[in-house]
Amino acid sequence: MEIKNVFVVGSGLMGGGIAQVSASAGYKVKMHDVEERFTTKGLEAIKGSLGKFLSKEKITQEQHDTAIANLSTTTDLADASDADLVVEAVFENLDVKKEVFGKLDEICPPHTILATNTSAIPISSIAAATARPDKVVGTHFFSPVPLMRLCEIIRGLQTSEETMAAAEAWAQSVGKDTVRVLKDHAGFIANRLYLPMGVEAAKMLEAGVATPEDIDKAMRKGYNLPMGPLELADMTGIDVLMNACNAIYNDTGDPKFYPPPLMRRMVAAGLLGRKTGKGYYDYSSGKQESYWEL
Ligand SMILES: NC(=O)c1ccc[n+]([C@@H]2O[C@H](COP(=O)([O-])OP(=O)(O)OC[C@H]3O[C@@H](n4cnc5c(N)ncnc54)[C@H](O)[C@@H]3O)[C@@H](O)[C@H]2O)c1
């Protein structure tokens with residue numbers, strides 16, 4: 001199936017990134033949000049990102065201009081009526097996503113693939129809001145979308161092979177490496193492995209086993225990871241990590257995803273990582289510095 005027109009629902013961090021890489025790859029992209037101030041903010045973020053790529057000579061002026069020319073914005077979901085592929089990146093809330101998918105199912109022609117960027121909601125639950133569950137698929141990008149290479153392609157209970165293949169080919173065409181997630185299990189592949197490591201690192205710190213520096217150093221030097229679990233948590237946002245853990249714990253009951261008390265206290269205290277200036281490390285000087293006392 002040929003994909004030409006891409007409609008992105010949600011102009012936030014992920015929707016904007018997905019719209020950007022799609023427009024850069026030559027697709028005609030409409031980016032939607034509930035109010036114009038959100039689409040305007042999303043478009044400004046895209047222009048800022050493309051401007052950085054241009055100034056660093058990662059793209060040419062022509063590539064920059066073509067990407068912007070391929071992009072338009074709308075607050076009317078009915079504009080998805082000519083989409084071959086819709087990618088949804090609204091709030092991580094099942095009711096909100098189901099409402100969006102129910103409406104899209106009525107608006108879009110029968111061939112349109114409906115993809116969701118959900119991190120933890122079962123694809124099959126979202127697909128249940130439509131009469132085309134065979135055409136609903138997960139396309140899980142990583143933040144920041146223009147820089148991170150992975151997109152997980154998730155098969156819901158009723159997703160067809162044709163839909164999987166089309167979503168995979170599209171994700172590859174926007175510059176991503178893909179992996180197939182064949183069972184609609186919370187956490188997919190990457191988060192299912194990464195989140196328990198973040199939980200275990202917090203538990204280790206809470207028990208006074210080692211300092212944040214040594215926990216991170218152990219994983220960097222011992223397993224050649226580019227970042228340790230605590231510095232990565234600070235970059236992701238400890239609140240984002242905790243919400244993802246809670247979602248998977250609530251879905252599966254698996255205790256390895258249960259956020260330990262230290263993580264919950266840090267979120268309550270606003271020690272969320274880089275974005276608030278302090279998490280497992282102190283960033284107030286602009287550098288990553290130790291402050292933890294055991
Ligand atoms: N942030 C991440 O690192 C990350 C990574 C992978 C997946 N995700 C998933 O991507 C999705 C979006 O996350 P985000 O970080 O971009 O969130 P965000 O809050 O930055 O953006 C969400 C956008 O959706 C819009 N929105 C809300 N309801 C809407 C509706 N009914 N119709 C149209 N637009 C609506 C909001 O106005 C907002 O602009 C979530 O499902 C999230 O779990 C996020």
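**Exercise 1. Which residue forms a salt bridge with Asp 82, and which parts of the chain does the pair link?**

Solution. Asp 82 pairs with Lys 30 in a salt bridge whose closest N and O atoms are 3.1 Å apart, where a salt bridge is a side-chain nitrogen of Lys or Arg within 4 Å of a carboxyl oxygen of Asp or Glu. The pair links distant parts of the chain, with Asp 82 in the loop between β3 (71-74) and β4 (85-88) and Lys 30 in strand β2 (residues 28-32), 52 residues apart; helices (H or I, at least four residues) and strands (E, at least two) are DSSP runs, numbered from the N terminus. The model is predicted, so local features need pLDDT of at least 70 and side-chain atom pairs count only at pLDDT 80 or more, while totals for chains, interfaces and linings use all residues. Residues are numbered from 1 along each chain as its sequence is written, and side-chain values use heavy atoms, with hydrogens and water left out.

**Exercise 2. Determine whether Arg 132 is buried or exposed, and do the same for its salt-bridge partner.**

Solution. The partner is Asp 105, with the closest N and O atoms 2.6 Å apart. Arg 132 lies in the loop between α5 (123-127) and β6, whereas Asp 105 belongs to helix α4, 27 residues apart. Buried means under 20% relative accessible area, exposed over 50%, and partly exposed in between (1.4 Å probe, protein chains only). Arg 132 is therefore buried, at 8%, and Asp 105 is buried because its relative accessible area is 18%. In the pair of the first exercise, Asp 82 counts as partly exposed at 36%, and Lys 30 is partly exposed at 22%.

**Exercise 3. Describe the surroundings of the ligand and its polar contacts.**

Solution. The ligand is surrounded by 22 residues, the closest being Met 14, Asp 33, Glu 92, Lys 97 and Ser 119, where a residue is near if one of its heavy atoms lies within 4 Å. By class, this shell has 11 nonpolar, 8 polar and 3 charged residues, and its largest share, 3 residues, comes from α4. For polar contacts with the ligand, the criterion is a pair of N or O atoms within 3.5 Å. A ligand oxygen atom is 2.8 Å from a polar backbone atom of Met 14, another such distance, to a polar backbone atom of Val 90, is 3.4 Å, and a polar side-chain atom of Asn 117 lies 3.0 Å from an oxygen atom of the ligand. Glu 92 and Lys 97 also belong, with Glu 88, to a network of salt bridges.

Technical notes. Polar contact = N/O pair within 3.5 Å; in protein donor to acceptor, adjacent residues only side chain to side chain. Nonpolar A, V, L, I, M, F, W, Y, C, P; charged D, E, K, R; others polar.
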